[in-house]
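Biologist: Hi! Could you walk me through this one while I have it open on my screen?
Modeller: Happy to, so let's pull it up.

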Amino acid sequence: MKKIEYLKIAIQNKLYIHKSWIYKAFSITKPKEQQSEAYGDLIIEPWGYSAVGPNGKEKIDDAVANEPLFKFKDKVKIDSSWATNLKEPIETTIGNLLFNHIAILSTFGDKFPYVTGKVEVSKLEDFIATKLQDTPEDESKRSNQYFYVDEYTKFIDALQYLSMFSQLTTWAATPKGIVAPTGIKEFKTQLIKKYEGKLNDPVELAKFEDELKAFDDEFLKDDPANGTFLAGKTKNVARKKMFLNVGTGLRFDNKMEVNPILSSLDEGWPTDPEHFKDAMNDLRAGSFSRGAETVKGGVSAKYLLRSANNFKIEDKDCGTYLGIRRKFKPGEEQHLTGRHVVKGNKSILVENNTIASNYLNQEIVVRSPMYCKLPGDSICRICAGERLFKYPNGLGIPLTEISSILLIASLKVMHGTVLSTAKMNLKEAFT
Ligand SMILES: [Zn+2]
């Protein structure tokens with residue numbers, strides 16, 4: 001028997017629903033003393049693997065001893081006899097094939113097209129959201145055109161199951177991911193000369209650090225760590241401090257002039273008193289923010305909740321022609337959907353993102369609670385917009401989104417900050 005023949009038997013018999021089978025087939029495991037020899041079973045042998053197929057126990061000819069039988073990245077050519085949601089034969093990875101069986105076929109069935117390449121759950125959810133409907137009470141009302149809530153719940157359970165295999169599938173370290181880029185010392189010496197006398201200016205320092213990061217990016221570009229476990233703050237803060245330079249770090253004052261630490265942690269703690277103090281403050285400031293600054297989030301939540309306590313949204317139109325004047329850019333459609341746009345002496349509801357896209361890149365007036373004319377503690381439905389109107393007495397709920405931004409910002413400081421510059425179009429920002 002060949003590996004691919006056994007894989008098909010395993011898939012047809014849904015062996016992937018057993019955690020033990022996945023561990024046995026995708027890693028090197030020690031065999032139990034007594035190995036089961038039921039149909040489909042995989043048997044670990046001193047010289048490789050055998051499996052029980054239609055002709056009884058057979059050697060898997062192309063299996064290698066002391067190597068996992070399969071790897072998730074192994075390529076296989078498959079057709080719809082392997083996965084019923086496949087329209088035409090393709091080359092895919094075993095990882096993709098298993099994902100489709102575990103998360104897609106067992107939940108949505110073949111109405112969900114075969115998922116291939118890098119799987120991103122948020123993208124799948126975006127697709128599901130467009131067709132998601134309540135679970136029908138009558139089973140016969142199920143249609144292939146829609147996804148139902150009970151199927152989605154099963155999908156979430158399946159993803160939970162998949163998370164159990166993180167030890168088998170996740171890159172934990174790569175040869176380049178755990179070392180400094182080759183030649184960084186020489187490159188940095190040159191760079192320090194180039195920026196001599198300028199590095200007390202945060203803008204120049206940001207440029208200097210960008211050059212260091214570009215050098216590191218070049219080193220990492222073909223490494224699987226790049227963009228997976230080395231991304232975002234892990235790369236821009238942790239890896240940067242470890243191998244490139246510590247930089248300015250966090251402080252308890254806010255001066256415009258900086259005195260950066262140009263060495264990396266890999267090169268050792270700075271020993272001059274000034275920089276040693278900065279390094280210590282950097283360590284303490286993160287914890288301080290997390291402990292003491294988060295209070296601001298809590299306090300503002302209480303203020304906002306109290307101020308909104310008595311507010312009500314009424315199903316009326318106060319009739320104002322005033323609102324917030326602004327330009328919406330592509331990608332911001334969802335902020336406009338459900339709001340009312342003032343046109344002449346009328347207010348028009350923006351029903352969905354498609355309609356919203358007609359209003360992009362032009363100055364428009366959007367009705368806003370800021371301009372509502374209803375007396376007392378009331379806001380009209382038209383000024384509030386359809387989304388807020390769903391919570392006529394619960395204005396506090398959306399308001400706490402403001403305080404949660406403050407809270408998250410102080411929690412994030414714990415992980416350090418990135419010094420970077422951005423271009424801003426003043427004309428756009430203030431219209
Ligand atoms: Zn109003």
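Biologist: Let's begin with the open sheet of 4 strands: what order do the strands come in?
Modeller: The order is E9-E12-E10-E11, and the pairing is antiparallel. Keep in mind that this is a predicted model.

Biologist: Which strands stand at the edges there?
Modeller: Strand E9 (324-327) and strand E11 (346-349) do. Each has a single partner strand, so one side of each has no neighbour in the sheet.

Biologist: And how many degrees does the twist average from one strand to the next?
Modeller: The average is 45 degrees.

Biologist: How many bridges are there between E10 and E11?
Modeller: Strand E10, residues 340-343, pairs with E11 over 4 bridges in the antiparallel sense. If you want a pair to click on, Lys 343 is opposite Lys 346 of E11.

Biologist: Nice. Now the metal: which residues are the protein donors of the zinc ion?
Modeller: The donors are the SG atoms of Cys 318, Cys 372, Cys 380 and Cys 383, at 2.2 to 2.4 Å from the zinc ion. Along the chain they follow the spacing C-x53-C-x7-C-x2-C.

Biologist: Why is the arrangement of those 4 donor atoms called tetrahedral?
Modeller: The angles they subtend around the zinc ion run from 105 to 113 degrees, which makes the arrangement tetrahedral. The cut-off behind that label asks for all angles to lie between 85 and 135 degrees.

Biologist: Are Cys 372 and Cys 380 buried or exposed?
Modeller: Both of them are buried.

Biologist: Changing topic, how many residues of helix H3 are buried?
Modeller: H3 covers residues 94-105, and 12 of its 12 residues are buried. Among them are Ile 94, Asn 96, Phe 99, His 101 and Leu 105.

Biologist: What do the buried residues of H3 pack against?
Modeller: There are helices and strands in that list. The helices are H1 (3-12), H2 (19-26), H4 (121-131) and H5 (149-162), while the strands are E4 (75-78) and E5.

Biologist: Tell me about E4 and E5, then. How many bridges do they pair over?
Modeller: They pair over 4 bridges, in the antiparallel sense. In that pairing, Ile 78 is opposite Ile 90 of E5.

Biologist: Which residues make up the covered face of E4, and which the uncovered one?
Modeller: Val 76 and Ile 78 form the covered face, whereas Lys 75 and Lys 77 form the uncovered one. As a rule, side chains in a regular strand alternate between the two faces of the sheet.

Biologist: I'm hovering over Thr 93. Where is that found?
Modeller: Thr 93 belongs to strand E5, which spans residues 90-93. Its relative accessibility is 18%, so Thr 93 counts as buried; the cut-off for buried is under 20%.

Biologist: What does Thr 93 touch, leaving out residues up to four places away in sequence?
Modeller: It touches Phe 72, Lys 73, Asp 74, Lys 75, Val 76 and Tyr 114. In addition, a polar atom of the Thr 93 side chain lies 3.0 Å from the backbone nitrogen of Asn 96.

Biologist: Next, strand E2. How many of its residues are buried?
Modeller: E2 runs over residues 48-53, and 6 of the 6 are buried, so the rest of the structure largely encloses this strand.

Biologist: Which strand forms a hairpin with E2, with 2 residues between them?
Modeller: E1 does. Strand E1 (residues 42-45) pairs with E2 in the antiparallel sense over 4 bridges. A hairpin also joins E2 to E3 through 2 residues, and 4 bridges link E2 to strand E3 (residues 56-59), again antiparallel.

Biologist: And what stands opposite Ala 51?
Modeller: Leu 42 of E1 stands opposite Ala 51, and in E3 the bridge partner of Ala 51 is Glu 58.

Biologist: Last one, on backbone angles. What is phi of Lys 14 near, and what about Asn 361?
Modeller: Phi of Lys 14 is near 50 degrees, a positive value in a residue other than glycine. For Asn 361, also a residue other than glycine, phi is near 55 degrees.

Biologist: Where do they lie?
Modeller: Lys 14 is in the loop between H1 and H2, and with 46% relative accessibility this residue counts as partly exposed. Asn 361 is in the loop between helix H12 (353-356) and strand E12 (363-366); at 52% relative accessibility, Asn 361 counts as exposed.

How values were computed:
Residues are numbered from 1 along each chain as its sequence is written. This is a predicted model: local features need pLDDT of at least 70, side-chain atom pairs count only at pLDDT 80 or more; totals for chains, interfaces and linings use all residues. Side-chain values use heavy atoms; hydrogens and water are left out. Donors are N, O and S atoms within 2.8 Å of the metal (3.2 Å for Na, K and Ca); water is not among the atoms, so sites may look incomplete. Four donors count as tetrahedral if all angles lie between 85 and 135 degrees; four count as square planar and six as octahedral if opposite donors are over 155 degrees apart and all others between 65 and 115; anything else is irregular. Buried means under 20% relative accessible area, exposed over 50%, partly exposed in between (1.4 Å probe, protein chains only). A polar contact is a pair of N or O atoms within 3.5 Å; within protein, one must be able to donate a hydrogen and the other to accept it, and residues adjacent in sequence count only if both atoms are side-chain atoms. Contact means heavy atoms within 4.5 Å. Two strands pair if DSSP finds at least two bridges between them. Axes are lines fitted to C-alpha atoms, for helices over the stretch in contact, and angles run from 0 to 180 degrees between N-to-C directions.
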